[in-house]
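Student: I am new to this structure. Please take one part, look at it closely, and then show me what lies around it.

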Amino acid sequence: MTWKLGGAAAALLMVLGAAGYGAMGPDRLGDETRAAYRRPAAIPFPEENAYSLAKAELGRRLFFDPLLSGERDRTCASCHNPDHAWGDSRARAEARDGLALPRRTPTLLNLAWQERLGWDGKFRDLDTVAFTPITSERMMNLPEAEALARLAADPDYAKGFADAFPDPAVTRERVEAALATFERLIVSPDAPFDRWIAGDETAVDAKAKHGFALFTGKAGCAACHSGWAFSDGSFHDIGSATGEDIGRGKFFPNSPALRYAFKTPGLRQVTERGPYMHDGSVPTLEAVIDLYNCGGIDRPSRSKDIRALALSPGEKADIVAFLKTLSADKPARVAEGGFPATAPQP
Ligand code: HEC
Ligand code: HEC
């Protein structure tokens, strides 16, 4: 159900984007396009896990603390590294035994705006992710009871939990809530694209503007990579994956459209985040565009929005030029700075 709604919303955004362009010519943005791609003014926090400075500070500490791994040698940041746009720059994440896990580490940028998480949507929301990597033998290898006991035995953490919650009790739900509060503060920094959307015509060059017109028009990318963070939060088969990992299809064996469907990744800071796709199988942005240009494997699960595109070499280069404008000049290490006391702004 979720993926159907996502698709409809994305299609609407694309129509708006195209209309905005048509009205204004190729290098001036229409008001609808500006509205559809403008950075939001504030980070949304769910009612049941509202923002507080104490919770964010506790979450940051947990995120970078090796205490949460069995051998005290790994943290969340071992894979979600702020210096690698909150990923690890590996094709697939590294297990404790040094071998590759089945999938690539996704960035944690802009998750406050995403509902289902994991490449296959196996996580209902951000507040229910953390104990999967913590307890996974190949990832952090710490049983839940031991994680809670270690935290409860640490006087500094007792104070941290007492500041963030009504009492010092250490529970799984509180660990999850604190980590999620910290993760919601991981927002991609202001990029040249944002300055263009905000009205500065000199912020990006003509090639990038043409690339954005192709992205929202002829190349059809915005059917799925929609909105300011460039993801519809939905799941699609782009016709490239083969092999045993069938993504969301595992949970919906009777839905042919979800075979090989993976979550649309956001495209912020995308230049810093290769190699690409859920399995790290595509090394560069140029190779990503070539893949879309071919249209992928023609099969029943392939999205109706994927087809051979017949892009010229110049058009392909312009799309890459546009994608580069989604990366800020400074790295996306926002969450390491001080946190606002109330109502955080991205
Ligand atoms: C060994 C590397 C590794 C470690 C350590 C790790 N992760 Fe991950 N993380 C991954 C991989 C790989 C995925 C993708 C899993 C999938 O889709 O099947 C992921 C997915 C996620 C997601 C979903 C992101 C999205 O875009 O869907 C979140 C949130 C997350 N991890 C948070 C954490 C937190 C919090 C910790 C520490 C408690 C942590 N991770 C530790 C590798 C790691
Ligand atoms: C039908 C929906 C859809 C369309 C249309 C689409 N994408 Fe994607 N895109 C996805 C999905 C789903 C993935 C992840 C696939 C995977 O992991 O196997 C992805 C992955 C990517 C990635 C890799 C990001 C990462 O972090 O790994 C880039 C870059 C990208 N797309 C750019 C584009 C461009 C440029 C276009 C237009 C030429 C486009 N996409 C069209 C859904 C789409």
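Tutor: Let's start with Arg 72, which lies in the loop between α3 and α4. Helices here are DSSP runs of H or I with at least four residues, strands are E runs of at least two, and both are numbered from the N terminus. This is a predicted model, in which local features need pLDDT of at least 70 and side-chain atom pairs need 80 or more, while totals for chains, interfaces and linings use all residues. Residues are numbered from 1 along each chain as written, chains are lettered from A and ligands numbered from 1 in written order, and side-chain values use heavy atoms, without hydrogens or water.

What makes Arg 72 worth a look is its backbone: phi is positive, about 55°, although the residue is not a glycine. Most residues other than glycine have a negative phi.

The loop between α3 (53-63) and α4 (131-135) also holds His 80, and this residue leads us to ligand 1. His 80 is the only protein donor of the iron atom of ligand 1, through NE2 at 2.1 Å. Donors are N, O and S atoms within 2.8 Å of the metal (3.2 Å for Na, K and Ca), and sites may look incomplete because water is not among the atoms. The side chain of His 80 also has an N or O atom 2.9 Å from a nitrogen of ligand 1, a polar contact (a pair of N or O atoms within 3.5 Å). Two further residues reach oxygen atoms of ligand 1: Gly 118 with a backbone N or O atom at 2.6 Å, and Lys 122 with a polar side-chain atom at 2.5 Å.

Now for the wider surroundings. Ligand 1 is surrounded by 28 residues, with Cys 76 and Cys 79 among the closest; a residue counts as near if one of its heavy atoms lies within 4 Å. This shell has 16 nonpolar, five polar and seven charged residues. In these classes, Asp, Glu, Lys and Arg are charged, Ala, Val, Leu, Ile, Met, Phe, Trp, Tyr, Cys and Pro are nonpolar, and the others, including Gly, are polar.

Ligand 2 has an iron atom too, with His 225 (NE2) and Tyr 292 (OH) as protein donors at 1.9 to 2.1 Å. These two residues are 67 apart and link distant parts of the chain, with His 225 in the loop between α9 (206-216) and β1 (235-236), and Tyr 292 in helix α10 (residues 285-294). The iron site is octahedral, with six donor atoms and angles of 83 to 179°; the term requires opposite donors over 155 degrees apart and all other angles between 65 and 115.

Around ligand 2 there are 26 residues, and Cys 221, Cys 224 and His 278 are among the nearest. Helix α10 gives the largest share of this shell, four residues. A backbone N or O atom of Met 277 lies 2.7 Å from an oxygen of ligand 2.

One more backbone feature is the cis peptide bond between Gly 274 and Pro 275, with omega about -10°. Pro 275 is in the loop between β2 (262-263) and α10. Most peptide bonds are trans.

Technical notes: A polar contact is a pair of N or O atoms within 3.5 Å; within protein, one must be able to donate a hydrogen and the other to accept it, and residues adjacent in sequence count only if both atoms are side-chain atoms. Four donors count as tetrahedral if all angles lie between 85 and 135 degrees; four count as square planar and six as octahedral if opposite donors are over 155 degrees apart and all others between 65 and 115; anything else is irregular.
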